[in-house]
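Colleague: I am new to this structure. Could you take me through it in short questions and answers?

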Amino acid sequence: MGTEPEKQDKKTKIRVKMKEQEPAERARNFREVPYGYTPEEAVEEASRCLSCKKPPCREGCPVEVEIPRFIGLIKEGKFLEACYTLKEKNALPAVCGRVCPQEIQCESRCIVGKKGEPVAIGNLERFAADYEAEKGEVRIPEKPRPTGRKVAIIGSGPGGLTCASDLIMSGHEVTLFEALHKPGGVLVYGRSSGCRR
Ligand code: SF4
């Protein structure tokens, strides 16, 4: 049996594992395999973050999400605010929390990862976005003054949607064109990303 400090050290080195369906269960359905964090699990995982002043994780994020800020809000139980912070830089946090290769981006730079498992930034991003959707309090950022310019985007997959979001937030009017029946591209017609973890 380890001593209390040893136990504590071990706890901070290991991330909170996301629970998932048992193999026998998931073999009989097409639902997402990982369940996502509960609020308690999210707070516990967020508490592993050191709130670095010069956060290297942020440099590893292609869209420069304010990672310590959104994780700090989760730590305080301010889950909706955490999601709104994510959406300042990323229109699709629920998607990115699931499919971004965090292990070679933000999480690969995490300071905590030098002595243990890095903070589960992707899992926390997914949690905050799912929480917002579950609560039905989805906030759409306020649009700036229109520039009068119009932009057409061909394809409504994640790339097209992100591009549309950034252009709208720059004041342009956007029309998305999609060849298939529903918008969303790989998000609608691709394989389930839930098989990844
Ligand atoms: S590098 Fe890791 S510990 Fe530091 S702010 Fe980013 S997630 Fe938190």
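Colleague: Is C100 buried, partly exposed or exposed?
Modeller: This is a predicted model, so every value here is computed from it. C100 has a relative accessible area of 23%. Buried means under 20%, and exposed means over 50%. C100 is therefore partly exposed.

Colleague: Which cysteine sulfur is closest to the sulfur of C100?
Modeller: The gap is 4.1 Å, too far for a bond. A disulfide needs the two sulfur atoms within 2.5 Å. The cysteine in question is C96.

Colleague: And is C96 buried or exposed?
Modeller: The relative accessibility of C96 is 18%. The limit for buried is under 20%. So C96 counts as buried.

Colleague: How many disulfides does the count come to?
Modeller: Take C96: the closest cysteine sulfur, in C100, is 4.1 Å away, too far for a bond. By the distance rule, the count of disulfides is 0.

Colleague: Let us turn to charges. How many salt bridges does a search of the whole structure find?
Modeller: Side chains of opposite charge can pair when their charged atoms come close. The cut-off is a nitrogen of Lys or Arg within 4 Å of a carboxyl oxygen of Asp or Glu. Searching the whole structure gives 13.

Colleague: Which residue forms a salt bridge with E107?
Modeller: The closest N and O atoms of this pair are 3.0 Å apart. E107 lies in helix α8, while its partner lies in the loop between α1 and α2, so the pair ties together parts that are 92 residues apart in sequence. E107 is buried, with a relative accessible area of 8%. Its partner, partly exposed at 22%, is R15.

Colleague: What about E25: which residue is its salt-bridge partner?
Modeller: E25 counts as partly exposed, at 29% relative accessibility. The partner is exposed, with a relative accessible area of 51%. Their closest N and O atoms are 3.9 Å apart. The partner is R31.

Colleague: E88 also forms a salt bridge; with which residue?
Modeller: The closest N and O atoms are 2.9 Å apart. This pair links distant parts of the chain, 19 residues apart: E88 sits in helix α6 and the partner in helix α5. The partner is partly exposed, with a relative accessible area of 39%. It is R69.

Colleague: Which residues do salt bridges with shared partners join into one network?
Modeller: Here the salt bridges share partners. The joined residues are E32, R98, R126 and D130.

Colleague: Now the helices. Are α6 and α9 roughly parallel or roughly perpendicular?
Modeller: The axes of α6 (residues 79-89) and α9 (residues 121-135) come within 8 Å. They cross at roughly 110°. Angles of 65 to 115 degrees count as roughly perpendicular. So α6 is, relative to α9, roughly perpendicular.

Colleague: How many nonpolar residues does the contact of α6 with α9 have?
Modeller: On the α6 side, the contact includes F79, L80 and Y84. On the α9 side, it includes F127, A128 and Y131. By class there are 3 charged residues and no polar ones. The nonpolar residues number 10.

Colleague: Is V138 buried or exposed?
Modeller: V138 lies in the loop between α9 and β1. It touches K87, E132 and A133, leaving aside residues up to four places away in sequence. Its relative accessibility is 52%, and it therefore counts as exposed.

Colleague: How far apart are the C-alpha atoms of V138 and C83?
Modeller: Along the chain, V138 and C83 are 55 residues apart. In space, their C-alpha atoms are separated by 9.1 Å.

Colleague: And V16: buried or exposed?
Modeller: V16 lies in the loop between α1 and α2. Not counting residues up to four places away in sequence, it touches Y37, E41, E44 and E45. Its relative accessible area is 11%, so V16 is buried.

Colleague: Last, the whole chain. How many helices and strands does the protein chain have?
Modeller: The C-alpha trace spans about 65 × 45 × 30 Å along its principal axes. Of the 197 residues, 37% count as buried. From the N terminus, the elements run α-α-α-α-α-α-α-α-α-β-α-β-α. That gives 11 helices and 2 strands.

Note on methods: Residues are numbered from 1 along each chain as its sequence is written. This is a predicted model: local features need pLDDT of at least 70, side-chain atom pairs count only at pLDDT 80 or more; totals for chains, interfaces and linings use all residues. Side-chain values use heavy atoms; hydrogens and water are left out. Axes are lines fitted to C-alpha atoms, for helices over the stretch in contact, and angles run from 0 to 180 degrees between N-to-C directions. Helices (H or I, at least four residues) and strands (E, at least two) are DSSP runs, numbered from the N terminus. Angles under 35 degrees count as roughly parallel, over 145 as roughly antiparallel, 65 to 115 as roughly perpendicular and the rest as oblique. Contact means heavy atoms within 4.5 Å. Ala, Val, Leu, Ile, Met, Phe, Trp, Tyr, Cys and Pro count as nonpolar, Asp, Glu, Lys and Arg as charged, and the others, Gly among them, as polar. Buried means under 20% relative accessible area, exposed over 50%, partly exposed in between (1.4 Å probe, protein chains only). A salt bridge is a side-chain nitrogen of Lys or Arg within 4 Å of a carboxyl oxygen of Asp or Glu.
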